[in-house]
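Got your viewer open? Grab the selection tool and follow along, one stop at a time.

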Amino acid sequence: MTDQVTGCCVVGGGPAGAMLALLLARRGVRVALLEMHHDFDREFRGDTVHPSTLEILDQIGLADRVHELHNSRISGPTLLTTRGPFTPFTLSRLNTKYPYILLVHQKDLLALLTEEAKKYPSFQLLMGANVTELIREEGIVRGVRYQSNDGLHELRSLLTVGADGRFSRVRHLAGIEPVRTSPPMDVLWFRLPHLGEDIDAPGGAFGGFAHGHIVGGFDRKDYWQIAFVIPKGSYAALRAEGIEGLRRQIVDVESRLAKHVQTLTDWQQVSLLSVESGRCRQWYAPGLLLIGDAAHAMSPVGGVGINYAVQDAVVAANLLTKPLLAGCVTTGQLRAVQSKRQWPVRIIQALQTQLQKRVIASALQAQEETALNIPWLVRVFTKIPFLRDIPPRIMALGVVRVRVEN
Ligand SMILES: Cc1cc2nc3c(=O)[nH]c(=O)nc-3n(C[C@H](O)[C@H](O)[C@H](O)COP(=O)(O)OP(=O)(O)OC[C@H]3O[C@@H](n4cnc5c(N)ncnc54)[C@H](O)[C@@H]3O)c2cc1C
């Protein structure tokens, strides 16, 4: 077992961990980022970079570089309804330099953040480092033990941050249990090709609902990324029908995909994404802080999880850089991170839950309905200037705007 020492040990190289490690390193804090995988290319976890994150990347000089990555843009979805196409919101009116969602492969974003962090001598990236234990001294977390190809290692630190996602090992080892609010849906995720006569989605995304299923599509320039939303637990029955059953159900919702779905020939092309959400009552313990999905697992509704994880990282870096440089981080300072972030998280999770319960769950149960019927109140709401921009503003910029303090 090799002993190493650092100021801050960040467990998990997802959006939260990578951003926190970069922000601390550029302020001169000694920081080690531990990621259990050997690369960033793994199961799908979203690739939406919202205006709030683009603004943060701009503040640290990375906005141009993120726009150079393979990307496409969404400004608002076009929904297929009983009364024709309907655009519930658009980001293009928002007061921001980046009035759109940038779709970027998450592995490219994480590579960009960690490559940037490597420019700072105080940063250390440990790939293939699977954290298995917390080091505790007199009730205070003082680092981690991790397994890598060459054996078990010990990394001691002033502060340990669990940014290791929804199934956080660090959280479990700390004895912190999240309150789960599992929403009633799963998502099938697959690609369909762009064809000559294609779907018209001027805002970069389309959506439709019929016969108890929901289809969403995102324009990725060279293909359509499709989300097929199904009731939780119904995957086995769908699979038993064979891939032709899936093709039929997609076309039932969106007949314009009839030719596209012919390319779906094997279940290997389809990923099942299990959706859950929840949050911890307490995000910290002496010597330890949880951020991102480890503190509050986000459902994919609105595609905001990455952005909330990044905002947690910014707030943690703003509040903890000076204490880390001074060599003393108190529990009160860790509590302050939770205090600043827990209300924005609670509000967005409440909105997600309402949307899931009222819109998505009822759409999934409505076997007889053949298309979305948008209530007149919603149609009126989306026409009132000021009011119509509140939901997209919360989704795109967060409940509270977060800035990097240099
Ligand atoms: C089906 C689905 C679709 C989603 N779609 C979107 C979307 O489109 N847009 C969006 O914004 N959000 C989306 N989300 C939510 C989003 O994925 C999360 O909110 C976001 O990834 C949280 O970032 P994070 O850094 O906290 O955690 P994660 O991204 O989960 O990163 C955690 C990292 O920790 C590593 N790790 C775990 N355990 C250990 C260990 N013991 N030792 C070392 N490393 C470890 C993992 O390998 C991982 O790299 C989706 C979620 C789901 C489930």
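Start by selecting Asp293 and showing whatever surrounds it: beyond its neighbours within four places in sequence, Asp293 is in contact with Gly165, Arg166, Arg171 and Met298. Keep in mind as you click around that this is a predicted model. Asp293 sits in the loop between β20 (288-290) and α8. Buried or exposed, this Asp293? Asp293 counts as buried, because its relative accessibility is 17% and the cut-off for buried is under 20%. Now look at the Asp293 side chain, which reaches the backbone nitrogen of Met298 at 3.4 Å. The side chain of Asp293 also has an N or O atom 2.7 Å from an oxygen atom of the ligand.

**The ligand**

That contact leads to the next selection. Show the ligand with its shell: there are 36 residues around the ligand, and Glu35, Arg42, Arg45, Thr48 and Asp293 come nearest. Zoom in on Glu35, where an N or O atom of the side chain is 2.6 Å from a ligand oxygen. Then move to Met36: here a polar backbone atom lies 3.1 Å from a nitrogen atom of the ligand. Turn on a surface if you like; on its own the ligand has 1,000 Å² of accessible area, and the protein covers 92% of it.

Which elements should you colour around the ligand? Try α1 (15-26), β2 (31-35), β9 (130-137), β17 (271-274) and α8 (305-326), each of which supplies at least two residues of the shell. Helix α8 gives the largest share, 4 residues. Colour the shell by class and you should get 15 nonpolar, 13 polar and 8 charged residues.

**Helix α8 and helix α2**

Stay with α8 and pick Asn307, which is found in this helix. Asn307 is buried, with a relative accessible area of 1%. What does Asn307 touch, not counting residues up to four places away in sequence? The answer is Thr48, Val49, His50, Ser52 and Thr53. With Thr53 there is also a polar contact of 2.6 Å, side chain to side chain. Notice Thr48 in that list of contacts; Thr48 is also among the residues that come nearest to the ligand.

Thr53 takes you into helix α2 (residues 51-59), so select that next; 8 of its 9 residues are buried, which means that α2 is largely enclosed by the rest of the structure. The buried ones are Pro51, Ser52, Thr53, Leu54, Glu55, Ile56, Leu57 and Gln59. Following α2 you'll find Gly61, with a positive phi near 75 degrees.

**The nonpolar cores**

Nonpolar side chains tend to be buried together in soluble globular proteins. To see that idea here, select Met19, Leu20, Leu57, Leu289 and Leu320, the residues with the most contacts inside the largest nonpolar core, which has 54 residues. Once again α8 provides the largest share of this core, with 10 residues. Click on Leu320: setting aside residues up to four places away in sequence, Leu320 touches Leu159, Leu289, Val329, Gln333, Leu334 and Val337. There's a second, separate core too, with 36 residues, including Val131, Val144, Ala174 and Trp283.

**Out in the loops**

Time to look at some backbone angles. Most residues other than glycine have a negative phi. Pick Glu138 in the loop between β9 and β10 (140-148): Glu138 isn't a glycine, yet its phi is positive, about 50 degrees. Glu138 is exposed, with a relative accessible area of 82%.

Now jump to Lys221, in the loop between β15 (213-219) and β16 (223-231). Lys221 is another non-glycine residue with a positive phi, near 70 degrees. Its relative accessible area is 54%, so Lys221 counts as exposed.

For the last stop, select Gly327 in the loop between α8 and α9 (331-365). Gly327 is partly exposed, with a relative accessible area of 42%. Draw a distance line from the C-alpha of Gly327 to the C-alpha of Arg256: those two atoms are separated by 61 Å, and the residues are 71 apart along the chain.

Conventions. Residues numbered from 1 in each chain as written. Predicted model: local features only at pLDDT ≥ 70, side-chain atom pairs only at ≥ 80, totals over all residues. Heavy atoms only, no water. Near = heavy atom within 4 Å. Polar contact = N/O pair within 3.5 Å; in protein donor to acceptor, adjacent residues only side chain to side chain. Areas by Shrake-Rupley, 256 points an atom, 1.4 Å probe, with all protein chains shown as cover. Nonpolar A, V, L, I, M, F, W, Y, C, P; charged D, E, K, R; others polar. Buried < 20%, exposed > 50% of the residue type's maximum accessible area, 1.4 Å probe, protein only. Contact = heavy atoms within 4.5 Å. Core = buried A, V, L, I, M, F, W, Y, C linked by side-chain atoms within 4.5 Å.
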